[in-house]
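Please open the model in a viewer and keep the selection panel at hand. The tour proceeds from one selection to the next.

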Amino acid sequence: MRVTAIALLLLAATPIFAQKVTIKRVELAGEKIIVHYDLEDSNPNNEYQIALYSSQSNFNTALTKVTGDVGNEVKPGTDRKITWSIREELGPYKGRLSLEVRGKQFVSVAKFTNITTSTKMKRGKNHVINWKPGNSNPINIEFLNGGQQIVAALNQPNNGAYTLYIPKKQSKGKDYIIRITDTRNTQDVAVSKPFMVTPAVPMLLKVIPAIAIVGVAAVLASGGGTDTPDTNDGPAIPDPPFPGN
């Protein structure tokens, strides 16, 4: 693959509402292209949806083999970076390319407020999932593990709360997530942090009562058939001699 030239700074200052994104420089690093840009906003708490486009598709389709400060929830700041794996995206390529960074202020369909990587949910129980709604569109709520759907609630109100019941026979483990999708814009998706599903009763608590019962049975078995002399009855009376002795 050889990129003979790259036209830099196409739309170098791209307005995003009242804010601005400015491409500072573009560098070729092996089979990757790194775009450096500034995202200016007087409100540092705003978030943006950033995408990278190229002239190869006439700027019609966002590039997908990208990492870094790209996608949803990008914060304002200087020297933001997008790394594009050009070979993975285009295969062997020769010629000139122009690049464009586009963005818009991002408000997610939902922002989870009570799920973190340390969250544990017990199977066989109800759990209230809370989030901050981004709009009033109906949503689909999914409970997944490893990409496999376990429970789905479709066309639910985006009211910030949902009660999830985890089946009793659900496998315990990590990497469970909740996914919320805007039914009117299926590209607007919110995914929770991965969390853990645990048994309703810890295994240790299940084992201890069984051990206690076995211990009582052992004591009863050892006590049966054995008389203990009563020291309060006085000295023991010897047996009479056997006749003929």
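Begin by selecting Leu52. Leaving aside residues up to four places away in sequence, Leu52 touches Val35, Ala62, Leu63, Val66, Ile82, Trp84, Leu99, Glu100 and Val101. Bear in mind throughout that this is a predicted model.

Next, widen the selection to the surrounding nonpolar core. Leu52 belongs to the largest nonpolar core, which has 21 residues. Within this core, the members that touch the most others are Val35, Ile50, Leu52, Ile82, Trp84 and Val101. Which elements give two or more residues to this core? They are strand S3 (19-29), strand S4 (32-40), strand S5 (48-54), strand S8 (77-85) and strand S9 (94-105). Strand S4 contributes the most, with four residues.

A second core may now be coloured separately. This separate core consists of 20 residues, including Val109, Ile115, Trp131 and Phe195.

Keep Phe195 in view and turn to the aromatic residues. The structure holds three aromatic pairs. Select Phe143 and Tyr176: their rings are stacked, at 5.4 Å centre to centre and with 20 degrees between the planes. This pair links distant parts of the chain, since Phe143 is in strand S13 (residues 139-145) and Tyr176 is in strand S16 (residues 173-182), 33 residues apart. Are these two side chains buried or exposed? Phe143 counts as buried because its relative accessibility is 1%, and Tyr176 counts as buried because its relative accessibility is also 1%.

Add Phe195 to the selection. The ring centres of Phe143 and Phe195 are 6.3 Å apart and the planes lie at 10 degrees, so this pair is stacked. Phe143 lies in strand S13 and Phe195 in strand S18 (residues 195-198); the pair therefore ties together parts that are 52 residues apart in sequence. Phe195, like Phe143, is buried. Together, Phe143, Tyr176 and Phe195 form one aromatic cluster.

For a ring with a charge over it, select Tyr53 and Arg102. The charged end of Arg102 sits over the ring of Tyr53, 3.9 Å from the ring centre.

Finally, display the backbone of strands S10, S12 and S15. These three strands form an open sheet in the order S10-S12-S15, with antiparallel pairing. Strand S10 (110-112) and strand S15 (161-165) are the edge strands, each pairing on one side only. On average, and with direction ignored, neighbouring strands of this sheet are turned by 40 degrees against each other. How many bridges join strand S12 (residues 126-133) to S15? There are five, and the two strands run antiparallel. To inspect a bridge, select Ile129 and its bridge partner in S15, Tyr162.

Key: Residues numbered from 1 in each chain as written. Predicted model: local features only at pLDDT ≥ 70, side-chain atom pairs only at ≥ 80, totals over all residues. Heavy atoms only, no water. Phe/Tyr/Trp six-rings, centres within 6.5 Å; stacked < 30°, edge-to-face > 60°. Buried < 20%, exposed > 50% of the residue type's maximum accessible area, 1.4 Å probe, protein only. Lys NZ or Arg CZ within 6 Å of the ring centre and 35° of its normal. Pairing = 2+ DSSP bridges. Axes fitted to C-alpha atoms, helices over the stretch in contact; angles between N-to-C directions. Core = buried A, V, L, I, M, F, W, Y, C linked by side-chain atoms within 4.5 Å. Contact = heavy atoms within 4.5 Å.
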